[in-house]
Amino acid sequence: MGETALMVLIRRFGQPNLPALVMLHGFLGSKDDWSILMPRISQHFHCICIDLPGHGANTLALASPGFAQVAAHIVAKVGELGVNQFHLLGYSLGGRIALHIAQDFPDSLLSLTLESAHPGLTDDTQRDARAKSDLLWSKKLQQLSISAFLSLWYQQAVFNDLSKAQKQQLITLRSNNDPQRLNNCYLTTSLSLQQNCKAVLNQLSCPCFYLYGEDDSKFAQVAKDWQAEYGNAKLTLQPLAAAGHNIHSLHPRLFSDTLLALLTPITPA
């Protein structure tokens with residue numbers, strides 16, 4: 001696939017001679033979600049924003065479980081741009097996929113930054129409960145209109161920091177998604193199918209960062225528990241005040257400043 005075709009799936013910002021930063025959005029998002037950060041981030045990095053399967057222009061259907069497939073897919077697409085090593089940033093679902101890229105392609109990473117991402121469940125009881133929950137959401141995605149599904153989705157507690165107007169803006173923005181393609185990605189990348197990726201840190205020699213909003217109590221605890229298990233040397237936590245789950249979208253300046261402070265001191269070996 002040539003660069004012209006790739007550009008349907010990928011948007012790039014910043015000069016190609018700058019260090020590469022691959023950016024993976026969350027469920028229901030697209031490569032364009034990162035555009036709000038580009039005025040600052042692209043001055044320091046060659047930003048590669050890619051649609052995940054089932055999102056935006058990416059029509060790839062994943063087999064189940066889909067983590068190894070999507071990890072290889074992303075690394076291959078980035079490689080076709082001539083980029084073999086890169087900083088990696090993933091938000092929520094994108095962060096969970098980033099962990100599988102780190103697991104399968106550790107030598108490709110210059111750094112790993114996760115935003116509000118789960119490293120994986122630890123026992124079968126948790127996985128069974130999550131599988132049942134995800135199946136219920138999947139049925140809603142198939143049976144309801146996309147706008148009705150989104151209205152329910154953004155009522156979840158993790159989005160409590162969003163105002164009514166912000167939720168409606170997201171519903172309008174996300175309503176052009178294809179429900180069947182979304183459903184394929186949702187089920188094949190379910191947290192119930194994800195490996196417990198906490199130990200991935202042990203095989204990485206690059207810096208690893210975890211950004212979370214202090215108002216996002218669920219993922220604040222996930223981050224703290226993970227660091228307590230593996231230590232400060234393996235995982236650097238970066239709590240951000242007055243922020244919730246989706247920091248980069250609602251607090252772009254704060255997120256940009258934090259990311260640049262973490263990544264700009266890191267240079268390729």
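What follows is a set of questions and replies about a predicted model.

Me: In what order do the 7 strands of the open sheet come?
Reply: The pairing in this sheet is mixed. Its edges are strand S1 (10-13) and strand S7 (236-240), each of which pairs on one side only. Going from one strand to the next, the twist averages 20 degrees. Read across, the order is S1-S3-S2-S4-S5-S6-S7.

Me: How many bridges join S2 to S4, and which residue stands opposite Leu-24?
Reply: Strand S2 covers residues 20-24 and strand S4 covers residues 86-91, and the two run parallel. The number of bridges joining them is 4. As for Leu-24, the residue facing it in S4 is Gly-90.

Me: Moving on to S4 and S5, what is the bridge partner of Phe-86?
Reply: S4 and S5 pair in the parallel sense, with 6 bridges. S5 is mostly covered, as 7 of its 7 residues are buried. The partner of Phe-86 in S5 is Leu-109.

Me: Which helix lies across S2, S4, S5, S6 and S7, and at what angle does it run to S6?
Reply: The helix takes up residues 252-263, so by the numbering of runs from the N terminus it carries the label H11. Two of the strands it lies across are strand S5 (109-115) and strand S6 (208-213). Relative to S6, H11 runs at about 165 degrees.

Me: How many disulfides does the count come to?
Reply: A disulfide is a covalent bond between the sulfur atoms of two cysteines. Here a pair has to have its sulfurs within 2.5 Å. For Cys-197 the closest cysteine sulfur, in Cys-208, is 12 Å away, so that is too far for a bond. Cys-208 is in no disulfide either, with the sulfur of Cys-206 at 4.7 Å, and the count comes to 0.

Me: Is Cys-197 buried or exposed, and what about Cys-208?
Reply: The cut-off for buried is under 20% relative accessible area. Cys-197 has 0% relative accessibility, so it falls under that cut-off. Cys-208 has 4%, so the verdict there is buried as well. For Cys-197 and Cys-208, then, the word is buried.

Me: Where is Cys-197, and which residues is it in contact with?
Reply: Cys-197 sits in the loop between helix H8 (179-188) and S6. Its C-alpha is 13 Å from that of Ala-68, which is 129 residues away along the chain. Setting aside neighbours within four places in sequence, the contacts of Cys-197 are Leu-99, His-100, Pro-119 and Trp-226.

Me: What volume does the largest pocket have, and which residues lie nearest its centre?
Reply: Rolling a probe the size of a water molecule over the atoms shows where empty space is left. For the largest pocket, the volume is about 760 Å³. The lining is made up of 40 residues, and nearest the centre are Ser-92, Trp-153, Val-158, Phe-159 and His-245.

Me: Which element gives the most to the lining of the largest pocket?
Reply: The elements giving two or more residues to this lining are helix H4 (93-104), helix H5 (124-143), helix H7 (164-174) and helix H9 (217-230). The top contribution is 4 residues, and the helix that makes it is H5.

Me: What is the phi of Ser-92, and what is the phi of Ala-242?
Reply: Ser-92 lies in the loop between S4 and H4, while Ala-242 is in the loop between S7 and helix H10 (247-250). Ala-242 is exposed, at a relative accessible area of 54%. Each has a positive phi despite being a residue other than glycine. Ser-92 is near 55 degrees, and Ala-242 is near 60 degrees.

Me: Which two residues does a cis peptide bond join?
Reply: Omega is about -5 degrees at this bond. The proline involved lies in the loop between strand S3 (46-50) and helix H3 (67-79). The pair is Ser-64 and Pro-65.

Me: Is Leu-28 buried or exposed?
Reply: Leu-28 is in the loop between S2 and helix H2 (38-41). Not counting residues up to four places away in sequence, it touches several others, including Phe-149, Trp-153, Tyr-154 and Arg-174. Gly-56, 28 residues away in sequence, is 8.8 Å from it, C-alpha to C-alpha. With a relative accessible area of 1%, Leu-28 is buried.

How values were computed
Residues numbered from 1 in each chain as written. Predicted model: local features only at pLDDT ≥ 70, side-chain atom pairs only at ≥ 80, totals over all residues. Heavy atoms only, no water. Pairing = 2+ DSSP bridges. Axes fitted to C-alpha atoms, helices over the stretch in contact; angles between N-to-C directions. Contact = heavy atoms within 4.5 Å. Buried < 20%, exposed > 50% of the residue type's maximum accessible area, 1.4 Å probe, protein only. 1 Å grid on protein atoms, 1.4 Å probe; cavity = no way out; pocket = protein on both sides within 12 Å on 5 of 7 lines; lining within 4 Å. Points joined across faces, edges and corners; volume = space filled by probe spheres on them.
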